[in-house]
Amino acid sequence: MTTNHTTLSITGMTCSSCAHHIHEALRSLPGVIRVTVDRKNRGATVLHDTATTTDALITAILEAGYGATAAA
């Protein structure tokens with residue numbers, strides 16, 4: 001299986017509960033293998049298969065009530 005690491009910048013994440021909601025939103029997507037949410041740096045790193053797109057990751061975060069963009 002081919003995998004990708006995607007790093008996302010997240011807005012609106014202010015507490016541990018927020019980080020947990022984001023983690024669960026990302027982890028629930030098909031093809032997601034591992035999620036690391038960093039509240040201090042306001043970001044997340046996702047290991048996922050190549051069928052899972054960055055847009056799908058961002059959409060999951062938006063639907064959870066937070067902002068997200070692909071990190072440069």
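Start with the whole chain and colour it by secondary structure: from the N terminus on, the elements run β-α-β-β-α-β. That gives you two helices and four strands to find. Keep in mind that you're looking at a predicted model.

Now zoom out. The radius of gyration of the chain is 11 Å, close to the 11 Å that the globule rule gives for 72 residues, so the chain is as compact as a globular protein of that length. If you drew a box around the C-alpha atoms along the principal axes, it would be roughly 35 × 25 × 15 Å. Of the 72 residues, 35% count as buried. Here's a figure about how the chain folds back on itself: take the contacts between residues at least 6 apart in sequence, and 62% of them join residues at least 24 apart.

**Stop 1: helix α2**

Select residues 54–63, which make up helix α2. Which residues are buried here? They're L57, I58, A60 and I61. Look down the axis of α2 and you'll see that its buried residues fall within an arc of 155°, so they line one face of the helix. There's a handy rule behind this kind of pattern: an α-helix has 3.6 residues a turn, so residues three or four places apart point the same way.

Next, show the elements that the buried residues of α2 pack against: β1 (3–11), α1 (16–27), β2 (32–38), β3 and β4 (67–70). Then spin the view around to the other side of α2, where D55 and E63 are exposed.

Stay with D55 for a moment. At 57% relative accessibility, D55 counts as exposed, because the cut-off is over 50%. Draw a distance from D55 to A68: these two are 13 residues apart along the chain, and their C-alpha atoms are separated by 9.8 Å. Before you leave, click on G65, just after α2, which takes a positive phi of about 100°.

**Stop 2: L26 in the other helix**

Move over to helix α1 and select L26. Is L26 buried or exposed? L26 is buried, with a relative accessible area of 0%. Show what surrounds the residue: leaving out residues up to four places away in sequence, L26 touches V32, V35, A44, V46, L57 and I61. You've already met L57 and I61, two of the buried residues of α2. For another distance, pick L26 and T45, which are 19 residues apart in sequence and 10.0 Å apart in space, C-alpha to C-alpha.

**Stop 3: strand β3, H48 and D49**

Select residues 43–49 to light up strand β3. Click on H48 in this strand. At 1% relative accessibility, H48 counts as buried. What does the side chain of H48 make a polar contact with? Its partner is the side chain of T6, at 2.6 Å. Setting aside neighbours within four places in sequence, H48 is in contact with T2, T3, N4, T6, G31, V32, I33 and L57.

Step along to D49, also found in β3. D49 is buried yet has no salt bridge. How far away is the nearest side chain of opposite charge? That side chain is R27, and it is 9.8 Å away. A salt bridge needs the charged atoms within 4 Å, so R27 doesn't make one with D49. Look instead at A51: its backbone nitrogen lies 3.1 Å from a polar atom of the D49 side chain. Not counting residues up to four places away in sequence, D49 touches M1, T2, T3, G31 and I33. Compare that with the list for H48, which includes T2, T3, G31 and I33.

**Stop 4: two loops**

Go to the loop between β2 and β3 and select R42. R42 has a positive phi of about 55° although it is not a glycine.

For the last pick, find C15 in the loop between β1 and α1. C15 is partly exposed, with a relative accessible area of 30%. Draw a line from C15 to R39: they're 24 residues apart in sequence, but 7.1 Å apart in space, C-alpha to C-alpha.

Key:
Residues are numbered from 1 along each chain as its sequence is written. This is a predicted model: local features need pLDDT of at least 70, side-chain atom pairs count only at pLDDT 80 or more; totals for chains, interfaces and linings use all residues. Side-chain values use heavy atoms; hydrogens and water are left out. Buried means under 20% relative accessible area, exposed over 50%, partly exposed in between (1.4 Å probe, protein chains only). Lys and Arg count as positive and Asp and Glu as negative; His and the chain ends are not counted. A polar contact is a pair of N or O atoms within 3.5 Å; within protein, one must be able to donate a hydrogen and the other to accept it, and residues adjacent in sequence count only if both atoms are side-chain atoms. Contact means heavy atoms within 4.5 Å. The arc is that of the directions from the helix axis to the C-beta atoms. The radius of gyration is taken over C-alpha atoms; the globule rule is 2.2 Å times the number of residues to the power 0.38.
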